[in-house]
Amino acid sequence: MHNKSLKELSIGLQNKEFSSVELTQVFLNRIKQHQDLNAFITITEEIALQSAKEADIRIANKKTDSLTGIPVAQKDIFCTLDVKTSCGSMMLDNFNAPYNATVIEKFNQAGAVMLGKLNMDEFAMGSSNETSYYGAVKNPWNTHKVPGGSSGGSAVAVAAKLAAFATGTDTGGSIRQPAALCGITGLKPTYGRVSRFGMIAYASSLDQGGPMTHSAEDAAIVLQTMAGFDPKDSTSVDLPVPDYSATLNQPLTGLKIGLPKEFFSDDLNAEMATKLSAAIDEYRKLGAEIKEVSMPNLKLAIPAYYVIAPAECSANLSRFDGVRFGHRCENPVDLTDLYTRSRGEGFGKEVKRRILMGTYALSTGYYDAYYVKAQKIRRLISDDFKNALTEVDVIMGPVTPTPAFDIGEKMSDPVEMYLSDIYTIAINLAGLPALSIPAGFINEMPIGLQIIGNYFTEAHLLNIAHQYQQVTNWHQQTPKGFA
Amino acid sequence: MEWETVIGLEIHTQLATQSKIFSGASTAYGAEPNTQACAVDLGLPGVLPVLNEDAVRKAVIFGMAIEAHIAPYSIFARKNYFYPDLPKGYQISQMDHPIVGKGHLDIEVDGVTKRIGITRAHLEEDAGKSLHENFHGLTGIDLNRAGTPLLEIVSEPEMSSAKEAVTYMRKLHELVRYLGICDGNMQEGSFRCDANVSVRPKGQVEFGTRAEIKNINSFKFVEKAINHEIERQIELIENGGKVVQETRLYDSVKDETRSMRSKEEANDYRYFPDPDLLPVIIDEDFKAQIKANLPELPHAKKLRFKTDYQLDDESASILTSSRTLSDYFEAVVNASGSEAKLCANWITGDLSAALNKADLEITDSPISYERLAGLLTRITDNTISGKIAKQVFEELWQSSASADEIIAEKGLKQITDTGAIETIINKIIADNQDQVEQYRSGKDKVFAFFVGQVMKEMKGKANPAEVNKILKEKLQG
């Protein structure tokens, strides 16, 4: 059952081949069996079985949605009513959210079954899932390797088949990079396509939730539920949501693919280049035209991102002060002591680093030199994409510089760690949709192909990814021991 | 040395919206602590602000009333600082692009009109309250007020005395209430003032170093605090000291200001645009819609009252100080058919005095405009004299009867029957021959005695003109 696509699961449930309770139990068993991967922070077994029962009643009454009865695991960044929502931090280890995020609400309405909350880098800050208060998550392809981050738990839950699908969030690559490193499909929608209400903010102008699935076909189904305008999120966009599954099979004849020369320079790992060019050849066979494009400002993406994201996070994380919720230090002697110890104890090293960087960048005398300048670069990068996307329909490139690295390898060198998002970060700065699909293996570790589209062209991206997945089977590979 | 003072005011007005500026929680005052604070107001993880359109509308109304530039594009910024009653660790405010730009307000001090520039007015959210009483050395936090919409109105440093500052503050208070954008309740903190005060030698162009006095919540205290601060600064400089830029608190009990924090200790607020909120775009349609519903502004109304109703400056000022009062006045004029001046005199005189005494607003007046108009109609058509009218007014205040009912019931109708008046006058002349002699020998003052006697006899109901006329004839014999 755990190997089935979402469509197959839905059909199986509706034809009573198996019940949602049975299906849920299969996944719960697999979660327990593979706890060493550390993918979950919280397993919500009781809630899962209860919702599965309700889903079975819905199915019996033929009031089904495409996700009714299907087990999902949620990144622990989405607030879930009365369930621990830790954001991977000691700060929120004691926090049971008093409300549901809009995304969670939508899955509940669809009748999806929540299996639990997934491990992640603390407050989504990290690219290896090693900054989590709950410990590193292991990559099922090689348990000495990182799964990527920050949605590392999500990528592993899907790759190891511990859930039928998962949610992730992506601020600088946090869906696409772990998807690539774990061999699954991950879509970061256009900024504003999926509600951020109830999604604990890291960098508000960059954060976006999206599906993490086995295939583009699955991602289309999940995004259908996640997407849409939310009056509770002023930055969500009030545009109609297209039928993402309807256009999956459109032919790609005449599709214009742009390859930014900045992505395919000599700096790109040779094996990675070979694998990507093989993937692009598949597209050529499918009728696409390939064209080189240039985006001269891409190289500025990492420095700009590491000003803007920390600046926003420095304010976003101020609410964690030990006063109303979350970690509070023992016996504070005064207000300053309450703040410094609660925050000092509750936050991990990387989070503190980013709060400090952001605070610095926003300080009097530095604001213009850092924040304002970074915003200008952000505009230049958006313009680069805008220009390129007038010449071509989509842009393709690597997701990561290398396959998954070893656990512990980059933890002592933050800049080296930040560079693992070098191909994904610019897309967040521009607010564009992009997805990562499995495109082969290097040394038995999966790698991804990134497809970047224009604003609100998720349907087209999914169509392009799906067509590739019709002629390749990278996305169907399963790590050894997880079949 | 002669000194001059420079004062600028920052006034926080609570906008009278139903719900908060970024959440749906109620803004009603006085609820149990933390019962009007929703997830957004509490700053829970994951929550997002959504701008209340009514707050924007009220800010624009204010901007129009001070003839200010309304920004077509304004943005919200985060003002970062830690305080337990500031749930998010930042306040959503406006910095570089406020919604209301330059405007002005005219004030009148000692008969001279002075135009005070308003630099800007911006929208922001209020913080909660820290409660230090009844917590045994601990502090309680009430977040009911957190997220209440504020319009911070910043004046130019153009006031040169505490008196001017208070006049400006009163005028602004009057205006925001007139516009219906703020309830003006100062006890509840709906209208609060920070004053920037500096002194400089008379004639010097550069400003002196200023001190900011925070959170003064009454007109009386603003005047006292500023005057105290002026004295303190002058004394300091004259004794060879220097004013330091700092924030000071006014202690109304000791009548003094004291230092709260210096510039060095001041927060670096690290303002930056709030990424959770979109820029506020105000288009011509939105402005036109507001303009169409804008009430006649006090200044324009005052001019109209002076020309249309021939009122003097003082009456026109008083009657246009609030919308309800001017509405009442115009309703009385229309309903009574009396001269506007008579209506104005009664409203600014007897009625205002009675309301003041009973501590009532015009909206709570026991005498409706119809009933007052009924009284004034009877003065105008000579049914009663002005003196009797005061008696009827008393009855109107006490009962719910109409003026006509009171006049009829108490038999207060003026006697214009010359025969009846003549009879009484004959009797009084006969009874007071001594006084008649005095009058006839040239003592004109005695005439008043006779009028008094007649009125007394006729219980004040005689038509005074008739009495005068007949008395004169009879006394001259």
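Two strands count as paired if DSSP finds at least two bridges between them. With that in hand, let's tour some close-ups of this predicted model.

**View 1. Three strands of chain B sit side by side in a small-number lineup: S4-S3-S14.** This sheet is open, and its pairing is antiparallel. S3 (residues 77-80) and S4 of chain B are joined by four bridges. To find your place, look for B:Ala77, which stands opposite B:Ser93 in S4(B). The edges belong to S4 (90-93) and S14 (272-273) of chain B, and each of these pairs on one side only.

**View 2. Chain B also holds an open sheet of eight strands.** Read across it and you get the order S5-S6-S9-S1-S10-S11-S12-S13, with mixed pairing. Strand S5 (103-109) and strand S13 (256-262) of chain B are the edge strands. On average, neighbouring strands here are turned by 30° against each other, direction ignored. As a quick reminder, strands of a sheet pair through backbone hydrogen bonds, either parallel or antiparallel.

**View 3. Zoom in on one end of that eight-strand sheet, where S12 meets S13 in chain B.** S12 (residues 246-251) and S13(B) run antiparallel, with six bridges joining them. One pair to pick out is B:Glu246 with its bridge partner B:Ser262 in S13(B).

**View 4. Helix H3 of chain B lies across several strands.** H3 covers residues 162-178, and the strands it lies across are S1 (3-14), S5, S6 (112-125), S9 (149-155) and S10 (191-201) of chain B. Compared with S5(B), the helix runs at about 120°.

**View 5. Two helices of chain B, H11 and H12, cross each other.** H11 spans residues 386-398 and H12 spans residues 403-410; their axes come within 10 Å and cross at roughly 115°. The crossing is right-handed. From H11(B), the contact uses B:Val392, B:Glu395 and B:Leu396, while H12(B) brings B:Ala403, B:Ile406 and B:Ile407. Sorted by class, that gives five nonpolar, no polar and one charged residues.

**View 6. Over in chain A, strands S7 and S8 run parallel.** Five bridges join S7 (residues 256-260) to S8 (residues 289-293) of chain A. Look for A:Gly258, whose bridge partner in S8(A) is A:Lys291. Between the two strands, the chain passes through helix H8 (residues 270-285) of chain A, and this β-α-β crossover is right-handed.

**View 7. Chain A is divided into two domains.** Domain 1 takes in 6-254 + 393-476, and domain 2 is 299-374. Their centres, taken over C-alpha atoms, are 27 Å apart. Where they touch, 28 residues of domain 1 of chain A are in contact with 22 residues of domain 2 of chain A. On the domain 1 side, helix H13 (414-418) and helix H14 (425-430) of chain A each give two or more residues. H14(A) has the largest share, three residues. That side of domain 1 has 18 nonpolar, eight polar and two charged residues.

**View 8. Finally, the two chains, A and B, meet.** Chain A puts 35 residues into the contact and chain B puts in 25 residues. On the side of chain A that touches chain B, at least two residues each come from helix H9 (301-316), helix H10 (335-346) and helix H11 (349-362) of chain A. The largest share, three residues, is from H9(A). By class, the chain A side divides into 19 nonpolar, nine polar and seven charged residues.

Key:
Residues numbered from 1 in each chain as written. Chains lettered and ligands numbered in written order. Predicted model: local features only at pLDDT ≥ 70, side-chain atom pairs only at ≥ 80, totals over all residues. Domains from an automatic or database assignment. Contact = placed C-beta atoms within 7 Å. Nonpolar A, V, L, I, M, F, W, Y, C, P; charged D, E, K, R; others polar. Axes fitted to C-alpha atoms, helices over the stretch in contact; angles between N-to-C directions. Right-handed = clockwise from strand over helix to strand, strands pointing away. Left-handed = near helix turned anticlockwise from the far one by under 90°.
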